Amino acid sequence: MADYRLGIDLGGTKIEIAVLNRSGDLVLRERIPNPGIYNEAVLAIRDLVTDVDRRLGAVPSHRVSAGQHTSTLGIGIPGSISPETGLIKNANATWLNNQPFGHDLESALARPVRTENDANCFALSEAADGAAKGMLTVFGVIIGTGMGAGIVNNGRVLEGRHHIAGEWGHLPLPWPTEEDMPARDCFCGNKGCMERYLCGPALAADWKGPGHRNTAGIEDAAANGDQAAIAALGRYTERFARACAMVINFLDPDVIVLGGGVSNLHTLYERVPPLLAKHVITPVCTTPIVRNKHGDSSGVRGAAWLWDVTE
């Protein structure tokens with residue numbers, strides 16, 4: 001059993017590291033700038049991990065000697081590793097795509113590294129000791145500038161054959177209405193993807209018009225009688241309920257945990273659950289929709305949890 005589990009979150013502008021002890025307590029959390037250049041990012045992570053291990057007095061768990069503290073390392077990335085090629089795919093940090101990131105990082109550090117999609121890390125964190133602790137099947141959602149999700153069952157990430165399990169943002173918005181038409185273009189090449197209706201910028205644009213991307217203040221505006229805000233939140237919660245109902249119909253998770261900037265809207269937890277019944281194919285739907293526990297540290301904690309406590 002390792003003494004420390006190290007997690008890395010590779011974000012768009014920062015590289016964050018967190019360290020959990022055997023009990024899952026956070027003992028260290030730091031950030032450094034992300035250079036945004038592939039080779040420099042690999043070296044920055046190498047130096048950061050090496051420095052943290054030195055300060056902890058730890059060595060990688062695979063080469064421990066008697067009496068030494070040990071550590072494991074997991075990393076969350078905005079994409080996934082192709083099981084066919086070992087290269088990164090679907091990363092919105094495009095400089096990562098088609099790179100052998102996992103292999104290069106293991107070579108640079110001379111240690112095993114577990115690499116996983118950042119939404120999967122979020123779901124794992126909340127399942128391990130967050131808002132979904134004790135739940136068997138967890139659907140973890142991140143809604144910010146984009147939209148992604150991860151699935152955890154019995155404490156393990158469900159990756160899928162192609163490592164794309166949980167990519168619900170690129171499923172079509174279910175049960176479309178006239179207000180949803182025409183189907184919106186998506187950067188993935190398809191039309192009508194849920195992300196184009198449910199990401200933060202989509203809500204902001206529905207409220208204030210095309211080009212707006214910030215939803216800050218929308219609930220206060222609605223409470224003060226702003227009719228555009230009231231209407232936008234109404235459309236958003238109804239669409240989000242359809243999206244959640246589809247997940248419940250095909251996965252039937254024990255809980256849906258929300259993360260990302262849009263998860264801070266109280267409206268979601270008040271108005272979405274009563275709307276599920278219209279589309280869920282069970283007489284009574286009791287699936288809880290809850291806010292995350294660990295906030296913006298959930299992803300990096302989940303990267304650390306990629307190693308089981310017994311490893």
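## Charges over rings

In this predicted model, Lys 208 sits over the face of Trp 207, 4.5 Å from the ring centre. There is another case of a charge over a ring: Arg 114 lies over the face of Trp 307, with 3.7 Å to the ring centre.

## Aromatic pairs

Searching the whole structure turns up 4 aromatic pairs. One of them is Tyr 38 with Phe 101, an edge-to-face pair with 6.4 Å between centres and 65 degrees between planes. Tyr 38 belongs to helix α1 (residues 38–56) and Phe 101 to helix α2 (residues 101–109), so this contact ties together parts of the chain 63 residues apart in sequence. Buried or exposed, what are Tyr 38 and Phe 101? Both are buried.

Next come Trp 168 and Phe 240. Their ring centres are 6.3 Å apart and their planes meet at 75 degrees, so this pair is edge-to-face; the cut-off for that label is over 60 degrees. Here too the pair links distant parts of the chain, 72 residues apart: Trp 168 is in the loop between β11 (156–157) and α4 (195–198), while Phe 240 is in helix α7 (residues 227–250). Trp 168 has 2% relative accessibility and counts as buried, and Phe 240, at 0%, counts as buried as well. Trp 168 and Phe 240 also belong to one aromatic cluster with Phe 139 and Tyr 236.

## Helix α2 and what covers it

Phe 101 brings us back to α2. The buried residues of this helix are Phe 101, Gly 102, Leu 105 and Leu 109. They span an arc of only 95 degrees around the axis, which puts them on the same side of α2.

What covers those buried residues? The list includes α1 along with the strands β1 (4–10), β5 (69–77), β6 (80–81), β7 (88–89) and β8 (114–117). Just after α2 comes Ala 110, which has a positive phi, near 55 degrees.

## Strand β1, enclosed

One of the strands covering α2 is β1, and β1 is itself well wrapped up: 7 of its 7 residues are buried, so the strand is largely enclosed by the rest of the structure. Tyr 4, Leu 6, Ile 8 and Leu 10 point one way from β1, Arg 5, Gly 7 and Asp 9 point the other way, and all are buried.

Which strands does β1 pair with? With strand β2 (residues 14–21) the pairing is antiparallel, over 7 bridges, and a hairpin of 3 residues joins β1 to β2. With β5 the strands run parallel, joined by 6 bridges. Leu 6 shows up in both pairings: it stands opposite Val 19 in β2, and its bridge partner in β5 is Leu 73.

## The mixed sheet

Further along the chain, 5 strands make up an open sheet with mixed pairing, in the order β11-β10-β9-β12-β13. β11 and β13 (289–291) are at the edges with a single partner strand each, so one side of each has no neighbour in the sheet.

Within this sheet, strand β9 (residues 137–143) and strand β10 (residues 147–153) run antiparallel and are joined by 7 bridges. Thr 137, for example, has Asn 153 in β10 as its bridge partner.

## Pro 253, in touch with Thr 137

Thr 137 turns up again among the contacts of Pro 253. Pro 253 is found in the loop between α7 and β12 (255–259), and at 4% relative accessibility it counts as buried. Leaving out residues up to four places away in sequence, Pro 253 touches Thr 137, Phe 139, Val 247, Ile 248 and Thr 287. Phe 139 is also a member of the aromatic cluster with Trp 168, Tyr 236 and Phe 240. As for Met 147, which is 106 residues away along the chain, its C-alpha atom and that of Pro 253 are separated by 18 Å.

## A buried arginine in α7

Helix α7 also holds Arg 242. Despite the charged side chain you might look for on the outside, what counts here is the number: at 1% relative accessibility, Arg 242 is buried. Where does its side chain make a polar contact? A polar atom of the Arg 242 side chain lies 2.9 Å from the backbone oxygen of Trp 175. Not counting residues up to four places away in sequence, Arg 242 touches Leu 173, Pro 174, Trp 175, Pro 176, Thr 177, Asp 180 and His 279.

Key. Residues are numbered from 1 along each chain as its sequence is written. This is a predicted model: local features need pLDDT of at least 70, side-chain atom pairs count only at pLDDT 80 or more; totals for chains, interfaces and linings use all residues. Side-chain values use heavy atoms; hydrogens and water are left out. Rings of Phe, Tyr and Trp (its six-membered ring) pair if their centres lie within 6.5 Å; planes under 30 degrees apart count as stacked, over 60 as edge-to-face and the rest as tilted. Helices (H or I, at least four residues) and strands (E, at least two) are DSSP runs, numbered from the N terminus. Buried means under 20% relative accessible area, exposed over 50%, partly exposed in between (1.4 Å probe, protein chains only). A charge sits over a ring if NZ of Lys or CZ of Arg is within 6 Å of the ring centre and within 35 degrees of the ring normal. The arc is that of the directions from the helix axis to the C-beta atoms. Contact means heavy atoms within 4.5 Å. Two strands pair if DSSP finds at least two bridges between them. A polar contact is a pair of N or O atoms within 3.5 Å; within protein, one must be able to donate a hydrogen and the other to accept it, and residues adjacent in sequence count only if both atoms are side-chain atoms.
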